[in-house]
Amino acid sequence: SDQSKALNPSNLIDNHQDCLGMTPLHILACSTKQNLHLYLFLVDHQPNSLVTEDKWGCTPILYAIWGNASQQIIQFLIGSQKAAF
């Protein structure tokens with residue numbers, strides 16, 4: 001089914017972007033429900049999404065900061081970006 005295909009981790013290796021240029025990491029960072037385990041999963045499967053800009057030139061880290069994500073999540077994103085790039 002389309003839903004099981006979308007949830008298959010092998011489909012997350014590419015840096016999928018929606019019509020606004022947002023990756024799943026952007027969308028999670030915009031969410032009101034923050035979950036470090038989801039960040040760990042997405043960064044593990046899509047490390048390039050850490051530096052991917054949407055159509056407004058924003059990276060997921062900016063949305064996490066603007067959305068008042070926890071310091072733990074912000075530090076994880078910054079540390080992951082430093083380690084990967």
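So, surface first: the protein chain exposes about 5,400 Å², and carbon and sulfur atoms supply 57% of that. Keep in mind that this is a predicted model. Of the 85 residues in the protein chain, 33% count as buried.

On confidence, the mean pLDDT of the chain is 86, and 82% of the residues reach 70 or more. The weak spot I'd flag is residues 1-6, where the pLDDT is below 50. Beyond near neighbours in sequence, that stretch has 3 contacts in the model, so please don't ask me about it.

Okay, the fold. We have 5 helices and 0 strands, which reads along the sequence as α-α-α-α-α. Take the contacts between residues at least 6 apart in sequence: 63% of them join residues at least 24 apart.

Now to what's inside. The largest nonpolar core has 17 residues, and the ones with the most contacts inside it are Leu25, Tyr39, Val43, Ala64 and Leu77. Which elements give two or more residues to this core? Those are helix 2, helix 3, helix 4 and helix 5. Helix 5 gives the most, with 4 residues.

Let me stay with helix 3 for a bit, residues 36-45. Its buried residues are Tyr39, Leu42 and Val43. Looking down the helix axis, those buried residues fall within an arc of 95°, so they line one face of the helix. Flip to the other side and you find His37 and Asp44, both exposed. And what covers the buried residues? The cover includes helix 2, which is 24-30, along with helix 4 and helix 5, the last one being 71-84.

Tyrosine 39 shows this nicely at the level of one residue. Leaving aside neighbours within four places in sequence, tyrosine 39 is in contact with Leu25, Leu28, Ala29, Gln34, Ala64, Ile73, Phe76 and Leu77. Leu25, Ala64 and Leu77 from that list were also among the core residues with the most contacts.

Still on helix 3, have a look at its start. A side-chain oxygen of asparagine 35 reaches to within 2.7 Å of the backbone nitrogen of histidine 37 there. Then there's phenylalanine 41, also in helix 3. Is phenylalanine 41 buried or exposed? Somewhere in between: phenylalanine 41 is partly exposed, with a relative accessible area of 32%. Its C-alpha atom is separated by 9.7 Å from that of leucine 25, 16 residues away along the chain.

Moving on along the chain, after helix 3 comes a loop leading to helix 4, which is 60-66, and threonine 52 sits in that loop. Threonine 52 is a loop residue, but it's buried, with a relative accessible area of 11%. A polar atom of the threonine 52 side chain lies 2.8 Å from the backbone oxygen of asparagine 48.

Threonine 52 also turns up on the contact list of histidine 26, and that's a residue I like. Histidine 26 is in helix 2, and at 0% relative accessibility it counts as buried. What does histidine 26 contact, leaving aside neighbours within four places in sequence? The list is Gly21, Thr52, Glu53, Asp54, Cys58, Thr59, Pro60 and Tyr63.

Next loop, the one between helix 4 and helix 5, and here the residue to look at is asparagine 68. Its phi is near 60°, a positive value in a residue other than glycine. For background, most residues other than glycine have a negative phi. Asparagine 68 counts as exposed, at 68% relative accessibility. The C-alpha atoms of asparagine 68 and alanine 29 are separated by 9.4 Å, with their positions 39 residues apart along the chain.

Last stop, helix 5, where we find glutamine 81. At 28% relative accessibility, glutamine 81 counts as partly exposed. Not counting residues up to four places away in sequence, glutamine 81 touches Leu50, Val51 and Ile61. Its C-alpha atom is 8.1 Å from that of proline 47, and those two are 34 residues apart along the chain.

If you take one picture away, make it helix 3: one face lined by Tyr39, Leu42 and Val43, with His37 and Asp44 exposed on the other side.

How values were computed
Residues numbered from 1 in each chain as written. Predicted model: local features only at pLDDT ≥ 70, side-chain atom pairs only at ≥ 80, totals over all residues. Heavy atoms only, no water. Buried < 20%, exposed > 50% of the residue type's maximum accessible area, 1.4 Å probe, protein only. Polar contact = N/O pair within 3.5 Å; in protein donor to acceptor, adjacent residues only side chain to side chain. Arc of directions from axis to C-beta. Contact = heavy atoms within 4.5 Å. Core = buried A, V, L, I, M, F, W, Y, C linked by side-chain atoms within 4.5 Å. pLDDT = per-residue confidence, 0-100. Areas by Shrake-Rupley, 256 points an atom, 1.4 Å probe, with all protein chains shown as cover.
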